[in-house]
Amino acid sequence: MQPDYSDILDRIPDPPLWWFNGVPRYKPFSPNALSVGLPEAALALVRCQDCATEFKIGVEPNLFAEGSMFDQILSDEFNYDDPPRHTTPDGSRCAGETMGAIPISVIEAWGRDQNSFDWHRLPQFEGPLKLSD
C-alpha cells in the first residue's frame, strides 16, 4: 500500500497530473522526475482492481529483473505496484489500494542514448497493452 498524501492533496485543489510511487506529481511527466541514472522510463495508465479508477503513473525498470523494462511489460512480467491511495467514487476507502494495479497502456516510453545520456521517445513501446483485456 502506498503512503497517504492527503496532507498535500487536501491543500492543492487541482488533481495530480500523474503519480510516482504513490506521490502526486503536478508538473508534466518527464523521465528526469524519476530515479537517477535509469536506462528506461515510462508513463503508464493503470486501473484499480477494486473500483476501476484509472491513474497515470511513472514507472521505471526493476534493476534486479532480466531484460529491458519494455520487454517485461510486453510479456506481463512487470510489477506496477499498488495504485495510489484513493477513495471509491462514493467517497469510501478503496480496498484496491492494497492490490496491484492493472496495466492499461503505455502513454510515453523513454530510453536513454548510451553516448549522450539524453532521453528519447520510444513510440514502438507506446499504446494499449493486451494484458488489460
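Leaving aside its neighbours within four places in sequence, which residues is T88 in contact with? The answer is D50, C51, R93 and C94. T88 itself sits in the loop that runs between α2 (69-74) and β5 (102-112). This is a predicted model, and everything below is read from its coordinates. T88 has a relative accessible area of 13%. That is under the 20% cut-off, so T88 counts as buried.

R93, one of the contacts of T88, leads on to the salt bridges. How many salt bridges does the structure hold? It holds 3. In one of them, the side chain of R93 meets that of E97, with 2.9 Å from N to O. The two partners sit in opposite settings. R93 is exposed, at 55% relative accessibility. E97 is buried, with a relative accessible area of 3%.

Another salt bridge joins E54 and R47, at 3.1 Å from N to O. Here both ends are partly exposed: E54 has a relative accessible area of 40%, and R47 stands at 25% relative accessibility. E126 and R121 also pair through their side chains, with an N to O distance of 2.7 Å. E126 is partly exposed, with a relative accessible area of 25%. R121 is partly exposed too, at 39%.

Now to the interior. In soluble globular proteins, nonpolar side chains tend to be buried together. In this model, the largest nonpolar core has 20 residues. Which of them have the most contacts inside the core? They are I57, V59, M69, F70, I73 and Y80. The elements that give two or more residues to this core are β3 (40-47), β4, α2 and β5. Apart from this core lies another, of 9 residues, including F29, A41, L43 and W110.

I57 is worth a closer look. Setting aside residues up to four places away in sequence, I57 touches W19, A42, L43, A44, V46 and Y80. Y80 is itself among the residues with the most contacts inside the largest core. L43, in turn, belongs to the other core.

Next comes the largest pocket. About 250 Å³ of space lies in it. Its lining is made by 18 residues. Which of these lie nearest the centre of the pocket? They are N21, G58, V59, Y80 and D81. Two elements, β1 (18-20) and β4 (54-59), give two or more residues to the lining. The largest share comes from β4, with 3 residues. By type, the lining divides into 9 nonpolar, 6 polar and 3 charged residues. V59 and Y80 link this picture to the interior: they lie nearest the centre of the pocket, and they are also among the residues with the most contacts inside the largest core.

Turn to the start of the chain. Y5 lies in the segment before α1 (6-9). What does Y5 touch, not counting residues up to four places away in sequence? Its partners are G22, V23 and P24. Y5 and P24 are 19 residues apart along the chain, yet their C-alpha atoms are separated by 7.6 Å.

T98 shows a longer span. Its place is in the loop between α2 and β5. T98 is exposed, at 52% relative accessibility. Leaving out residues up to four places away in sequence, T98 touches M1 and D82. P28 is 70 residues from T98 along the chain, and 27 Å separates their C-alpha atoms.

Finally, check the backbone at A52 and F117. A52 is not a glycine, but its phi is positive, at about 70 degrees. The place of A52 is in the loop between β3 and β4. At 43% relative accessibility, A52 is partly exposed. F117 also has a positive phi, near 65 degrees, and is likewise a residue other than glycine. Its place is in the loop between β5 and β6 (119-121). Is F117 buried or exposed? F117 is exposed, with a relative accessible area of 53%.

Conventions:
Residues numbered from 1 in each chain as written. Predicted model: local features only at pLDDT ≥ 70, side-chain atom pairs only at ≥ 80, totals over all residues. Heavy atoms only, no water. Salt bridge = Lys/Arg side-chain N within 4 Å of Asp/Glu carboxyl O. Buried < 20%, exposed > 50% of the residue type's maximum accessible area, 1.4 Å probe, protein only. 1 Å grid on protein atoms, 1.4 Å probe; cavity = no way out; pocket = protein on both sides within 12 Å on 5 of 7 lines; lining within 4 Å. Points joined across faces, edges and corners; volume = space filled by probe spheres on them. Helix = DSSP H or I, 4+ residues; strand = E, 2+ residues; numbered from the N terminus. Nonpolar A, V, L, I, M, F, W, Y, C, P; charged D, E, K, R; others polar. Contact = heavy atoms within 4.5 Å. Core = buried A, V, L, I, M, F, W, Y, C linked by side-chain atoms within 4.5 Å.
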